[in-house]
Amino acid sequence: MSDAATPPSTDPTSAAAGPVAEEGTKTLPLVFDEPRGRRKPPRHLADLAAAERKALLEEQGLPGFRARQLSTHYFARLVDDPAQMTDLPAAQRDELVSALLPPLMTPLRTMEADRGTTRKTLWKLFDGALVESVLMRYPDRATMCVSSQAGCGMACPFCATGQGGLQRNMSTAEIVEQVVAGARSLARGEVPGGPGRVSNVVFMGMGEPLANYKAVIGAVRRLTDPTPDGLGMSARGVTVSTVGLVPRINQLAEEGIPVTLALSLHAPDDELRNELVPINTRFSVAETVEAAWNYARTTKRRVSIEYAMMRGINDQGWRADLLADVLGSYGDWGWVHVNLIPLNPTPGSKWTASDPADEREFVRRLEARGIPTTVRDTRGREIDGACGQLAATES
């Protein structure tokens, strides 16, 4: 990895840490900062607030009011062909589109599962970096799972993305474009079930969202800004996942945007979590869960605890009891919900899913202690589109 030699920083969220020793698994350093010297993606209207779009056009000698028309085409009408933007003067159309709607990413491949209702798209970004997004349509909703980084620096040994390392952060607009592309597919009836709209966005694709904090918050604001400034989604339909960057969780709690926080915990004890989720060597289970509880207390939004069930690793009954102890210590006022994830296989991995009987016993023990628990409905396994499987390769 290109920045493994970055000197340690006093800021615990901006440094590279040593590798985690895990027998039989490739070890990678824990990396928070993207490699230096990467070119920035072209500036796009989704990177900017409404007033900034207007100002940019005026700086370039173009009419500022055209920014709202371009925003309407992009966010409300989901137009991607400039020829359809007939309210823009033909003589200025190319210049206006070039200023605020430059191409950001090219679809290389779309794979389908679940009779076409799960679609994984491989994107090539402007600099050749590869990312993936997944559209999942259910009877009552349509969810976009988006990437926030090309690769990931969190080095979790059971996750395909984490084992690929971090290439770079994505821009706000690159994140938003994944959702807009999914919205276009639904609006155009390309997904079985007839025309529809994106109702939910989960930041659970490639990358650690809170390690790319500024761009991710920008994307959340674009998703929730009223149309045509943004997509007009409800913040309650947006979930931001994290492995536990405690300072950023606390920062997110103060943003005033009531998104759902999903904490990828995967173990209730420091000894095991240090191995499974290397960020735990910086922020302990107690510190991480306290930050999640503080988020729930501040935002009045229930936190989701993500827990990938791994056979013989973290699925013992006593660990269910310990998880209940850790979460229950903050009271039972409905602040938390446990989401158990059947581990999705990745090529060459020694990690396997829990035995169904062990999974049921884990659920039983948590529920007996008053911890609301569900088992995630896994979608897209056969196209490597499920949780922890995104690796973004052209092969």
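Which residue is the bridge partner of T143 in β9? In this predicted model, the bridge partner of T143 is N200. The report sets this residue pair in the context of the sheet and then turns to the helices.

## The sheet

An open sheet is formed by 10 strands, arranged in the order β3-β4-β5-β6-β9-β10-β11-β12-β13-β14. The pairing within the sheet is mixed. At its edges stand β3, covering residues 105-113, and β14, covering residues 373-375, each of which pairs on one side only. From one strand to the next, the twist averages 20°.

## Parallel pairs from β6 to β11

Strands β6 and β9 run parallel and are joined by three bridges; T143 and N200 are bridge partners in this part of the sheet. The next pair, β9 with β10, is likewise in the parallel sense and has three bridges. Here V202 has T239 in β10 as its bridge partner. Between these two strands the chain passes through helix α5, residues 213-224, in a β-α-β crossover that is right-handed.

Strand β10, residues 238-242, also pairs with strand β11, residues 260-264. This pairing is in the parallel sense and extends over four bridges. Within it, S241 stands opposite A262 in β11.

## Helices lying across the sheet

Helix α4, residues 172-187, lies across five strands: β3, β4 (118-125), β5 (130-137), β6 (142-145) and β9 (200-203). The helix runs at about 40° to β5. Among the strands that α4 lies across is thus the edge strand β3.

Helix α10, residues 356-368, lies across β12 (303-309), β13 (336-342) and β14. Its direction is at about 160° to β14, which is the other edge strand. An angle over 145 degrees counts as roughly antiparallel, so α10 is roughly antiparallel to β14.

## The packing of α1 against α3

How far apart are the axes of helix α1 and helix α3? Helix α1, residues 50-59, packs with helix α3, residues 90-100, with the axes 10 Å apart. The angle between them is about 130°, which makes α1 oblique to α3. The crossing in which α1 passes α3 is right-handed.

On the α1 side, the residues in this contact are R53, L56 and L57. They meet L96, A99 and L100 in α3. By class, the contact comprises five nonpolar residues and one charged residue, with no polar residues. The charged residue is R53, because Arg counts as charged.

Conventions: Residues are numbered from 1 along each chain as its sequence is written. This is a predicted model: local features need pLDDT of at least 70, side-chain atom pairs count only at pLDDT 80 or more; totals for chains, interfaces and linings use all residues. Side-chain values use heavy atoms; hydrogens and water are left out. Two strands pair if DSSP finds at least two bridges between them. Axes are lines fitted to C-alpha atoms, for helices over the stretch in contact, and angles run from 0 to 180 degrees between N-to-C directions. Contact means heavy atoms within 4.5 Å. Angles under 35 degrees count as roughly parallel, over 145 as roughly antiparallel, 65 to 115 as roughly perpendicular and the rest as oblique. A crossing is left-handed if the near helix is turned anticlockwise from the far one by less than a right angle, and right-handed if clockwise. A crossover is right-handed if, with the strands pointing away from the viewer, the path from the first strand over the helix to the second runs clockwise.
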